[in-house]
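The exercises below are meant to be worked through with the sequence and the model side by side. Try each task before reading its solution.

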Amino acid sequence: MQDRHVEGDALIRPAERGDVPALVRLRLANAERHVQLAPDLFRVPDVSVVRRHFEDVVGHALISVAELDGEVVGMAEVVLLPEPPDHQILVPRRAADVHTVVLDEHRGRGVGAALVAAAQRVAASRGVSIIYANIFAANEDAVAFYSAAGFGPRGILLSKPWS
């Protein structure tokens, strides 16, 4: 169960139905930032599709939000991953991805760190023993942020695009 608590100046709490417009704003802001990094890889999704997604998942998904002065300024989403099948060599363990977004004007105030800490608690409450932050290598700010939060490299994801 997700909890409500104050960390620094931010109230960290589970996302609610009324947060959908803020969640949409955060997803689109994150998309725009990524498009600036690599327009050939990222896109800004249609706002109505993003809204419908959050309308469908809020209340079921593991999403925490950060409020400052009554405004939602950040979110962290924990996405549970399936355990590796028995035929693979990885040690089976419950894992999750974490996706964190904080609006630019509220960065550097501890909001992201509070959200990651909340995501870890949420993940642990679901039996997760390892969380992953999949970061685009060119996103140096995100790499530095997650590194400061105790995340380290686990491998290298190589890709080869073709038409």
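**Exercise 1.** Determine which residues Glu 77 is in contact with, leaving aside its neighbours within four places in sequence, and then describe its setting.

Solution. Contact means heavy atoms within 4.5 Å, and, with neighbours within four places in sequence left aside, Glu 77 is in contact with Arg 27, His 53, Leu 62, Ile 63, Asp 97, Val 98 and His 99. Before going further, note that this is a predicted model, in which local features need pLDDT of at least 70 and side-chain atom pairs count only at pLDDT 80 or more, while totals for chains, interfaces and linings use all residues. Residues are numbered from 1 along each chain as its sequence is written, and side-chain values use heavy atoms, with hydrogens and water left out.

The next step is to place Glu 77, which lies in strand β4, residues 71–81; helices (H or I, at least four residues) and strands (E, at least two) are DSSP runs, numbered from the N terminus. Glu 77 counts as buried because its relative accessibility is 9%, where buried means under 20% relative accessible area, exposed over 50%, and partly exposed in between, with a 1.4 Å probe and protein chains only. Finally, the side chain of Glu 77 makes a polar contact with that of Arg 27, at 3.2 Å. A polar contact is a pair of N or O atoms within 3.5 Å; within protein, one must be able to donate a hydrogen and the other to accept it, and residues adjacent in sequence count only if both atoms are side-chain atoms.

**Exercise 2.** Work out how β4 pairs with β3 and with β5.

Solution. Two strands pair if DSSP finds at least two bridges between them. On one side of the question, β3 and β4 pair in the antiparallel sense over seven bridges, and Leu 62 stands opposite Val 78 in β4. On the other, eight bridges join β4 to β5 (residues 95–102), and these strands also run antiparallel; here Leu 81 has Ala 95 in β5 as its bridge partner.

**Exercise 3.** Is Asp 69 buried or exposed, and what is the value of its phi?

Solution. Begin with the location: Asp 69 is found in the loop between β3 (62–68) and β4, and these strands form a hairpin with two residues between them. Asp 69 counts as exposed because its relative accessibility is 82%. Its phi is near 50°, a positive value in a residue other than glycine. For background, most residues other than glycine have a negative phi. As a last step, compare sequence with space: Asp 69 and Val 57 are twelve residues apart in sequence and 25 Å apart in space, C-alpha to C-alpha.

**Exercise 4.** Find which residues have the most contacts inside the largest nonpolar core, and which element gives the core its largest share.

Solution. A nonpolar core is a set of buried Ala, Val, Leu, Ile, Met, Phe, Trp, Tyr and Cys residues joined through side-chain atoms within 4.5 Å. The largest one has 24 residues, and those with the most contacts inside it are Ile 12, Val 78, Val 98, Val 111, Leu 115, Ile 131 and Phe 151. At least two residues of this core come from each of β2 (10–14), β3, β4, β5 and α3 (111–125), and the largest share, eight residues, is supplied by α3. Apart from this core lies another, of 17 residues, among them Ala 22, Phe 54, Ile 63 and Leu 103.

To look further at α3, note that its buried residues include Val 111, Leu 115 and Val 122. Leaving aside neighbours within four places in sequence, Leu 115 is in contact with residues including Ile 12, Val 65, Met 75 and Val 101.

**Exercise 5.** Establish how many helices and strands the protein has, and in which order they follow one another.

Solution. There are four helices and six strands, and, read along the sequence, they follow the pattern β-β-α-α-β-β-β-α-β-α. One of the helices, α1 (residues 20–37), has buried residues whose cover includes α2 (47–57), β3, β4 and β5. Of the 163 residues of the protein, 38% count as buried. Among contacts between residues at least 6 apart in sequence, 62% join residues at least 24 apart.
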